[in-house]
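The exercises below are meant to be worked with the sequence and the 3D model open side by side. Each one sets a task and is followed by a solution in steps.

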Amino acid sequence: MFYPGAKVETTAYAPLLKQIASQEADVFLVAMPLHMAFFGLNKADKIRASYHYQNWYMSGHSLGAAMAAMYSADHLKDYRGLIMLAGYPTKDLHAANFSVLSIYGPKDGNAKMLQKNPQYLPNDYTMQVIKGGNHAQFGNYGLQKGDGQATISRKAQQQATAQAVRQYLLAHDK
């Protein structure tokens, strides 16, 4: 389940999510009202009710990641984990068998914000830094005000992200 970043066209994440889906992971890109995840916080419920997987994971980018974290905190028993791309937790995520993967680039103009609320992270927490990556290159939507200048290509950042997600899922999908 993937919640897009604020004010970002949903399809901007299609290239990254197609890479993840090509690695034997079904991915649901969730369109949000007005392109703001907090207006569609519970949209994952309808999707989850329509499919029957053993393990579910929430994910998102930026504000979408924060909203995926908020949703996850209220549904810890229903999900195996959370994947945050340039995001931070907004509520307590401590639960047995729940894990978090946080991926970000060191050139992210919001790097200080990404350090918010470490007390909410579970014991099974992994941080992956995409060397040379920034905030906007997780999606294909251009430059973002206040973001740092990436020193790797968008394609390279998304490939590294897809690989990190694959490793995480392989390690946790038992």
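**Exercise 1. Decide whether L34 is buried or exposed, and describe its backbone and its surroundings.**

Solution. L34 has a relative accessibility of 68%, and because exposed means over 50%, L34 counts as exposed. This and every other value here is computed from a predicted model. The next step is to place the residue: L34 belongs to the loop between α1 and α2, and its phi is positive, at about 55°, although the residue is not a glycine. Turning to the surface, L34 joins F38 and F39 in a nonpolar patch, whose accessible area comes to about 350 Å² for the three together. F38 is also placed in the loop between α1 and α2, the latter helix spanning residues 43-50. With a relative accessibility of 39%, F38 is classed as partly exposed.

A positive phi in a residue other than glycine is also found at N117, where the angle is near 60°. N117 sits in the loop that runs between β4 and β5, the latter being strand 124-129.

**Exercise 2. Place L17 in the fold, and find which residues L17 touches beyond its neighbours in sequence.**

Solution. Begin with the secondary structure, where L17 is part of helix α1, which covers residues 14-21. The relative accessible area of L17 is 8%, and since buried means under 20%, L17 is buried. When residues up to four places away in sequence are left out, L17 touches F2, V27 and L29. As a check on distance, the C-alpha atoms of L17 and Q54 are 20 Å apart in space, with the two positions 37 residues apart in sequence.

**Exercise 3. Trace the salt bridges around D78, and state which parts of the chain they join.**

Solution. The structure holds 4 salt bridges. Side chains of opposite charge can pair when their charged atoms come close. In one of these pairs, the side chains of D78 and R48 meet with an N to O distance of 3.5 Å. Because D78 lies in the loop between α3 (63-73) and β3 while R48 is in helix α2, this pair ties together parts that are 30 residues apart in sequence. D78 also meets the side chain of K77 in a salt bridge, here at 3.7 Å from N to O. The two residues of that second pair are classed differently in accessibility, for D78 is partly exposed at 24%, whereas K77 is exposed at 76%. Taken as a whole, D45, R48, K77 and D78 are linked in a network of salt bridges.

A further pair is formed by K91 and D74, with their closest N and O atoms 2.7 Å apart. This pair links distant parts of the chain, 17 residues apart, since K91 is in the loop between β3 and β4 (99-104) and D74 is in the loop between α3 and β3. Both partners count as partly exposed, K91 with a relative accessible area of 31% and D74 with 46%.

**Exercise 4. Determine how many residues of α3 are buried, and what covers them.**

Solution. Counting along the helix, 9 of the 11 residues of α3 are buried, and the helix is therefore mostly covered. Among the buried residues are G64, A65, A66, M67 and Y71. The cover over the buried residues of α3 includes β1 (2-3), α2, β2 and β3.

**Exercise 5. Describe the largest pocket and the elements that line it.**

Solution. Rolling a probe the size of a water molecule over the atoms shows where empty space is left. The largest pocket has a volume of about 600 Å³. Its lining is made up of 23 residues, of which E24, A25, D26, Y57 and L169 are the closest to the centre. Assigning the lining to elements, at least two residues come from each of α1, β2 (57-61), β3 (81-85) and α4 (154-172). The greatest contribution is that of α4, which gives 4 residues.

**Exercise 6. Locate Q144 and list its contacts.**

Solution. Q144 lies in the loop between β5 and α4, and at 26% relative accessibility Q144 counts as partly exposed. Residues up to four places away in sequence aside, Q144 touches N110, H135 and A136. N134 is 10 residues from Q144 in sequence, and their C-alpha atoms are 9.7 Å apart in space.

Conventions
Residues numbered from 1 in each chain as written. Predicted model: local features only at pLDDT ≥ 70, side-chain atom pairs only at ≥ 80, totals over all residues. Heavy atoms only, no water. Buried < 20%, exposed > 50% of the residue type's maximum accessible area, 1.4 Å probe, protein only. Contact = heavy atoms within 4.5 Å. Patch = residues over 30% accessible without salt bridge, like charges linked within 9 Å, V, L, I, M, F, W, Y side chains within 5 Å. Areas by Shrake-Rupley, 256 points an atom, 1.4 Å probe, with all protein chains shown as cover. 1 Å grid on protein atoms, 1.4 Å probe; cavity = no way out; pocket = protein on both sides within 12 Å on 5 of 7 lines; lining within 4 Å. Points joined across faces, edges and corners; volume = space filled by probe spheres on them.
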